[in-house]
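Please read the following account alongside the sequence and the three-dimensional view. It moves from a single helix to paired charges, then to a pocket and two individual residues.

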Amino acid sequence: MTAVVAPSPEAGSKPAQILEAAGKLFLEHGYGAVSMDTVAKTANVSKATLYAHFRSKDELFAAMVAGECRAHMSALSCEEVSRMEVDDVLRQIALRFLGMLTSPKALAGFRMVVAEAHRFPELARAFYESGPARSLAQMTAFLAEADRRGKLSVPDARLAAEQFLGMLKADAHLRMMLCLQDPPSEADRERIVDSAVRAFTRAYAVEGK
């Protein structure tokens, strides 16, 4: 299984400095209100340095989203996967995904994207391709491999991946987005994940096993 995001910039490096400043600005003021000039000033770097690392604002935003995915969704290695039962792998992926999805920073980012996507389609595209699409690709690849190895029976890995991740989001994510519910506790996340894994593995079990 491959990593879902590019390597992290080194702590204290110019890219890390820029991403930290951009993240704060985007979440505090919204995508449209933040200029690359403002990012450069806040990060205390020159515009030339900023553009040397990030060619545009949507590329900068995409890198910020990818960084959040990286913080929560580190991929399991092929060696780890080969030693684990399918339901254990699903559980690890689900716990990481749910932790990412319900973090305060991720929820704030979701709200910002939804509010501004109609005016800035590049924002929506950068967000989807750097976040949800990467998680979905990781899940799809794992399920396709599980089917190939006869661990599960998954005729449509992409559809199955959407179903599994959808079970984890359920209605609770919408309520959190609307500030009607707090993020789940660790015990609640465990309960949600265990239920989803049980339902999914039963639905896609190999006949006779």
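How many residues does helix 1 have, and what distance does it reach from its first C-alpha to its last? In this predicted model, helix 1 runs over residues 14–29, which gives 16 residues, and it reaches 22 Å between those two C-alpha atoms. That span is close to the 22 Å expected at 1.5 Å a residue. Several positions of helix 1 are buried: Pro15, Ala16, Ile18, Leu19, Ala21, Ala22, Gly23, Leu25 and Phe26. Just after helix 1 comes Gly30, whose phi is positive, at about 90°.

Helix 1 also holds a pair of charged side chains. Lys24 and Glu20 form a salt bridge in which the closest N and O atoms are 3.6 Å apart. The two residues are four apart in helix 1, so about one helical turn separates them. Side chains of opposite charge can pair when their charged atoms come close.

Across the whole structure, a search finds 10 salt bridges. Another of these joins the side chains of Arg91 and Asp194, with 2.7 Å from N to O. This pair links distant parts of the chain, as Arg91 belongs to helix 6 (residues 86–101) and Asp194 to helix 12 (residues 186–203), 103 residues apart. Arg91 is partly exposed, with a relative accessible area of 24%, and Asp194 likewise counts as partly exposed, at 27%.

A further salt bridge brings together the side chains of Asp171 and Arg175, at 2.5 Å from N to O. Asp171 is partly exposed at 42% relative accessible area, and Arg175 counts as partly exposed at 31%. Elsewhere, Arg91, Glu190 and Asp194 are joined into one network by salt bridges that share partners.

The description now turns from charges to open space. The largest pocket contains about 440 Å³ of space. It is lined by 24 residues, of which Leu101, Phe110, Phe127, Gly131 and Pro132 are the closest to its centre. Six helices each supply at least two residues of this lining: helix 4 (57–72), helix 6, helix 7 (104–116), helix 8 (121–130), helix 9 (132–148) and helix 10 (157–169). By residue type, the lining divides into 16 nonpolar, four polar and four charged residues.

Two of the residues named as closest to the pocket centre, Leu101 and Phe110, appear again in the surroundings of His173. This histidine is found in helix 11 (residues 172–177). Leaving aside neighbours within four places in sequence, His173 is in contact with Leu101, Leu107 and Phe110. Is His173 buried or exposed? His173 counts as buried because its relative accessibility is 7%, below the 20% cut-off.

Val154 offers a second buried position, with a relative accessible area of 4%. Where does Val154 lie? It is placed in the loop between helix 9 and helix 10. Beyond its neighbours within four places in sequence, Val154 is in contact with Leu143, Asp147, Ala160 and Tyr204. The C-alpha atoms of Val154 and Ala203 are separated by 9.4 Å, although the two residues are 49 apart along the chain.

Definitions and conventions. Residues are numbered from 1 along each chain as its sequence is written. This is a predicted model: local features need pLDDT of at least 70, side-chain atom pairs count only at pLDDT 80 or more; totals for chains, interfaces and linings use all residues. Side-chain values use heavy atoms; hydrogens and water are left out. The expected span of a helix is 1.5 Å times one less than its number of residues. Buried means under 20% relative accessible area, exposed over 50%, partly exposed in between (1.4 Å probe, protein chains only). A salt bridge is a side-chain nitrogen of Lys or Arg within 4 Å of a carboxyl oxygen of Asp or Glu. On a 1 Å grid over the protein atoms alone, a cavity is a set of points where a 1.4 Å probe fits but cannot get out, and a pocket is an open set with protein on both sides within 12 Å along at least five of seven lines; lining residues have an atom within 4 Å of a point. Grid points are joined across faces, edges and corners, and a volume is the space filled by probe spheres set on the points. Ala, Val, Leu, Ile, Met, Phe, Trp, Tyr, Cys and Pro count as nonpolar, Asp, Glu, Lys and Arg as charged, and the others, Gly among them, as polar. Contact means heavy atoms within 4.5 Å.
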